[in-house]
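Visitor: Could you take me through one spot in this model in detail, and then work outwards from there? I like to start with a single side chain and see what surrounds it.

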Amino acid sequence: MTGFADIKRAIIAALTPELLSAQYRAGLQPGDPVETGHCAVASEAFYHIAGGKAAGFMPVVCGYSVTADGKMHFGAARAKAERETKVDFVRETHWWIRGPKDGKRGAGAVFDVTAAQYDAPFPYENGHNTGFMQPQQKPSKRAQVVIDRVTKALGAETLAAYRRANIAAFQKKQKTPAPRR
C-alpha cells in the first residue's frame, strides 16, 4: 500500500520553479534543494491527497526571522531580536501538516514534505494550526498542478485508496468512546 514516503517522493518530483512565488524563485541559489520555497504548495497538495479535514489533518505554519549568520528566531524572541538589534532580518514562513491522533484533528505526527530544505530538524513546536487561503476547501491552482502530477505518477485509484483509508481511520477513532476510569 502507498504511504506518506511514496507520496512525499512523488510530490517532490512534481515541484518545479514555476510553482514558486516570485520572491522564492528570485532567491533560488544553485545547489538549493528542490524543496526550497515549495513548503506551502507541497503541504497543501499533501493535505488534499491525504484526505484533509475529513481525515483529521491540519495545516501548520511557522513564521520566523533569519539573520545573516543563518540563525533562526521564533515567537517572542523573534520580535525582541528584531526590535533590539540593528541586524537585517529575512522574514520567512514554513508550512507542514499535522496528522490526527486518537480522533483529534491535527494532534499527531508531523508530515513535512519539504523538510530537506533545512540543514537541521525544524523546530515544529513553534508552529501554529492554520488553514490554507482557499476558503472553499479546494486546492489552490498551484497545489492542483502538483496533485495532478502526483496522480499521473502514482495513479488515481492508489491516491483515492490512501485518502479513503485516512478518512476511515480518523472517523473510526472519533467514534471510539474514551476509556472509563
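Visitor: Let's pick Cys39: by its relative accessibility, does it count as buried or exposed?

Guide: One caveat before we dig in: this is a predicted model. Cys39 has a relative accessibility of 7%, and the cut-off for buried is under 20%, so Cys39 counts as buried.

Now look at the helix it belongs to. Helix α3 covers residues 39-50, and with 12 residues at 1.5 Å a residue it should span 16 Å; its end C-alpha atoms are indeed 16 Å apart, so expectation and model agree. Cys39 has plenty of buried company there: 11 of the 12 residues of α3 are buried, so the helix is largely enclosed by the rest of the structure. Besides Cys39, the buried set includes Glu44, Phe46, Tyr47 and His48. And what do these buried residues pack against? Their partners are α1, β1, β3, β4, α5 and α6 (156-175). Right after α3 comes Gly51, with a positive phi near 115 degrees.

With a cysteine, you'll probably want to know about disulfides. A disulfide is a covalent bond between the sulfur atoms of two cysteines. The count here is zero. Cys39 takes part in none, and the nearest cysteine sulfur, on Cys62, is 10 Å away. Cys62 is likewise in no disulfide, its nearest cysteine sulfur being that of Cys39, at 10 Å. The cut-off for sulfur atoms is within 2.5 Å. Cys62 is also buried, at a relative accessible area of 1%.

Cys62 gives us a way into the strands, as it stands opposite His94 in β3. Strand β1 runs over residues 58-66, and eight of its nine residues are buried, so β1 is largely enclosed by the rest of the structure. Follow its pairings one at a time. Nine bridges join β1 to strand β3 (residues 90-98), and the two run antiparallel. Strand β5 (residues 128-129) is also antiparallel to β1, with two bridges between them; Val60, for instance, has Asn129 as its bridge partner in β5. Then there's strand β2 (residues 72-74), antiparallel again and joined to β1 by three bridges, with Val66 opposite Met72. β1 and β2 make a hairpin with five residues between them, and in the turn Gly70 has a positive phi of about 90 degrees.

While you're on β1, stop at Ser65, which sits in that strand. Its relative accessibility is 0%, so Ser65 counts as buried. Leaving aside residues up to four places away in sequence, Ser65 touches a list of neighbours that includes Met72, His73, Arg78, Glu82, Phe89 and Val90.

Follow the chain past β3 and you come to a backbone oddity. Most residues other than glycine have a negative phi. Asp102 isn't a glycine, yet its phi is positive, near 50 degrees. Asp102 lies in the loop between β3 and β4 (110-111), and at a relative accessible area of 60% it is exposed.

Last stop, the charged pairs. Side chains of opposite charge can pair when their charged atoms come close. The whole structure has three salt bridges. In one of them, Asp6 pairs with Arg9, with 2.7 Å between the closest N and O atoms. Both belong to helix α1 (residues 4-14), three residues apart, so about one helical turn separates them. Asp6 is partly exposed, at 28%, and Arg9 is exposed, at 53%.

Another salt bridge links Arg149 and Glu18, at 2.9 Å from N to O. Arg149 is in helix α5 (residues 141-154) while Glu18 is in the loop between α1 and α2 (22-27), so this pair ties together parts 131 residues apart in sequence. Arg149 counts as partly exposed, at 31%, and so does Glu18, at 47%.

The remaining salt bridge brings together Glu157 and Arg164, at 2.7 Å from N to O. Glu157 is exposed, with a relative accessible area of 52%, while Arg164 is partly exposed, at 48%.

How values were computed: Residues numbered from 1 in each chain as written. Predicted model: local features only at pLDDT ≥ 70, side-chain atom pairs only at ≥ 80, totals over all residues. Heavy atoms only, no water. Buried < 20%, exposed > 50% of the residue type's maximum accessible area, 1.4 Å probe, protein only. Helix = DSSP H or I, 4+ residues; strand = E, 2+ residues; numbered from the N terminus. Pairing = 2+ DSSP bridges. Salt bridge = Lys/Arg side-chain N within 4 Å of Asp/Glu carboxyl O. Contact = heavy atoms within 4.5 Å. Expected span 1.5 Å × (residues − 1).
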